[in-house]
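Let us read a model together, by way of a few questions on its core and its charged pairs.

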Amino acid sequence: MTEEKLYQLALQLVPGVGPRMARMLISHLGSASSIFKTPKGKLKKINGIGEKTAEALIQADFLKEAEKVLERCGKQDTEAIFFTDEAYPERLKHIYDAPLIIFKKGDGTLDTAKAVAIVGTRSATDYGREVTREIIQSLIPYNPLIVSGLAYGIDIEAHRAALDNGLPTFGVMASGTDVIYPSVHKHTALKMLEKGGLVTEYAPGTKPEASFFPARNRIIAGLAEAVIVVEAASRGGALITAEIANSYDREVLAIPGNLGNSFSEGCNKLIEQQKAHIYTSAESLASLLNWDLTSSTKKKTATKPPALSEMASKIWDSLEKQPNGIHLDTLSWNTQIPIHQLASELLNLEFEGFVKSLPGKQFKLIR
């Protein structure tokens with residue numbers, strides 16, 4: 001664990017500093033460690049930083065708390081995955097409010113070639129549970145990761161159906177990996193660890209709070225290629241997940257239901273407003289997502305974005321000539337960009353999912 005990563009973890013623990021503010025601060029000041037070493041007066045001059053946040057950032061207790069979090073991770077067999085780590089899921093990395101750090105428990109991988117989120121009402125009907133199982137059974141040939149929120153109703157049915165049919169499944173939690181909520185789903189959660197697991201942005205020991213659930217829905221949407229809404233009332237978490245998925249340019253599909261059925265109102269509304277496709281079959285989903293039955297991975301290519309700054313463009317051109325990686329010092333020499341500026345630009349490119357850091361201060365483009 002590098003000192004910089006410890007500071008990144010500390011930054012995520014500061015109240016009022018969300019993922020977007022954290023990235024903005026790192027980009028502005030060059031590193032997470034420099035944020036905690038910047039005087040309060042200078043912090044307050046940064047756009048979006050108020051008195052309360054600036055005061056919190058100059059406290060040293062968060063670094064000690066970060067060390068305690070890592071100790072708890074070890075005791076709970078939980079892995080802290082940083083944004084710049086190779087294990088950080090590629091799809092999640094590309095959402096604008098991706099967490100700096102996620103906590104994962106279980107033997108499964110989040111970075112699968114195919115991934116679908118299945119969500120719905122907590123008050124699922126027999127029909128909804130049956131449809132959920134039929135969807136998952138029909139997806140077996142494609143072997144996708146099944147993502148959901150471990151909640152009552154459709155969520156837990158999706159997890160259990162995935163387990164019964166040998167598909168990997170991850171539960172996205174609004175608590176620490178050691179605080180299973182609801183507790184009655186603990187047995188299912190433990191079984192999920194064998195081929196999938198649990199994932200959250202909250203450190204071990206964190207108990208669920210009402211505000212955490214809408215936030216965790218963005219991770220459900222961010223981890224998946226498509227979100228399938230099975231049953232949903234006119235308001236609720238499933239619709240929030242669908243709205244977020246649309247904002248991330250993810251595909252959204254919904255199961256249409258009978259008019260007058262309260263738990264079909266949300267699905268029918270999504271379809272009516274053209275915010276969701278009608279789900280009809282696994283084949284239609286596969287066609288929508290360009291799946292095939294043979295590919296296990298998607299080829300990643302690095303295409304130079306047109307909106308790069310002049311400095312970032314120089315870095316890109318230099319990295320492109322060294323596909324196996326290049327040392328930070330060499331990159332600085334080749335581009336004639338000072339190390340402190342170069343480090344900030346590289347971090348921005350990592351946040352955008354274009355660059356990967358390697359051991360020994362090496363960097364390369366993601367292809």
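What follows is a short exchange between a student and a tutor.

Student: On what basis should the model be read?
Tutor: This is a predicted model, in which local features need pLDDT of at least 70 and side-chain atom pairs count only at pLDDT 80 or more, while totals for chains, interfaces and linings use all residues. Residues are numbered from 1 along each chain as its sequence is written, and side-chain values use heavy atoms, with hydrogens and water left out.

Student: Which residues touch the most other members of the largest nonpolar core?
Tutor: A nonpolar core is a set of buried Ala, Val, Leu, Ile, Met, Phe, Trp, Tyr and Cys residues joined through side-chain atoms within 4.5 Å, where buried means under 20% relative accessible area, exposed over 50% and partly exposed in between, with a 1.4 Å probe and protein chains only. Of the 69 residues in this core, those that touch the most other members are Leu11, Leu25, Leu57 and Val229.

Student: Are the partners in the salt bridge of Arg218 and Asp97 buried or exposed?
Tutor: A salt bridge places a side-chain nitrogen of Lys or Arg within 4 Å of a carboxyl oxygen of Asp or Glu, and for Arg218 and Asp97 the closest N and O atoms are 3.7 Å apart. Arg218 has 7% relative accessibility and Asp97 has 9%, so Arg218 counts as buried and Asp97 likewise counts as buried.

Student: Which residues are joined into one network by salt bridges that share partners?
Tutor: One pair is Lys44 with Glu51, whose closest N and O atoms are 2.7 Å apart. Through shared partners, the network joins Lys40, Lys44, Glu51 and Glu55.
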